[in-house]
Amino acid sequence: MGEKEYKMQHLEFIQNIITRMNTNSFQIKGVTVAIITACLALYASDKTALMIFVPIIPTFILWFLDSYYLLQERKFRALYDDVASIKNPPLCNPKPYEMPIHKYTADKKDSLSFWRVFFSQTIAIFYLPLILMLLLLFIALNIKCIFVIL
């Protein structure tokens, strides 16, 4: 195999990892919606306001996990760019078949910061409205309960 074939195979390996990260991110969003839906269904059956507050915790945890996967995906995309020689100069100079994503840090590229990913549009626009909706619903139901008691 020549150098070009090695490079193509290396790029294919990286692309497969990027696809896997993207699939994981999509599945995490599906699990988040399933948890919220299940808890809201439980609330509808027994009217326990706590069932609206409970999914906020796993939603935060899944938000962190989804951000981690997106960060990894961005690192692999930067690696892909370096292997494919798209960016000049490259962020790192990986050897053939090397995947040193630990070298891709926020110091080298601003978009590789965890908190930047955490609050990025693709992540925050999904999780933040869900959490705000659950908090507002929980507060509204508890205020209603206080007025009923009084």
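Modeller: Let's start with a cut-off: contact means heavy atoms within 4.5 Å. This is a predicted model, where local features need pLDDT of at least 70, side-chain atom pairs count only at pLDDT 80 or more, and totals for chains, interfaces and linings use all residues. Residues are numbered from 1 along each chain as its sequence is written, and side-chain values use heavy atoms, with hydrogens and water left out.

Colleague: Okay, try that on Thr-32. Which residues is Thr-32 in contact with, leaving aside neighbours within four places in sequence?

Modeller: Thr-59, Leu-62, Phe-126, Tyr-127 and Leu-130. Thr-32 itself belongs to helix 1, residues 3-46.

Colleague: And how do I read a helix here?

Modeller: Helices (H or I, at least four residues) and strands (E, at least two) are DSSP runs, numbered from the N terminus. This chain has five helices and zero strands, so from the N terminus you read α-α-α-α-α.

Colleague: Is Thr-32 buried or exposed?

Modeller: Buried means under 20% relative accessible area, exposed over 50%, partly exposed in between (1.4 Å probe, protein chains only). Thr-32 has a relative accessible area of 1%, so it is buried. Across the chain, 35% of the 150 residues count as buried.

Colleague: How far is Thr-32 from Lys-7, 25 residues apart along the chain?

Modeller: Their C-alpha atoms are separated by 38 Å.

Colleague: What about helix 3: what span is expected, and what does it reach?

Modeller: The expected span of a helix is 1.5 Å times one less than its number of residues. Helix 3 covers residues 56-83, 28 in number, and reaches 40 Å from its first C-alpha to its last, close to the 40 Å expected. Just after helix 3, Ser-85 has a positive phi of about 60°.

Colleague: Anything inside helix 3 to look at?

Modeller: Try Gln-72, which is found there. Its relative accessibility is 9%, so Gln-72 counts as buried. Beyond its neighbours within four places in sequence, Gln-72 touches Met-21 and Ile-101 by the contact rule.

Colleague: Now zoom out. Why is the chain called more spread out than a compact globule?

Modeller: The radius of gyration is taken over C-alpha atoms, and the globule rule is 2.2 Å times the number of residues to the power 0.38. For 150 residues the rule gives 15 Å, but the chain has 21 Å, well over that, so it is more spread out than a compact globule. Along its principal axes the C-alpha trace spans about 80 × 30 × 20 Å.

Colleague: What share of contacts with a separation of 6 or more comes from residues 24 or more positions apart?

Modeller: That share is 72%.
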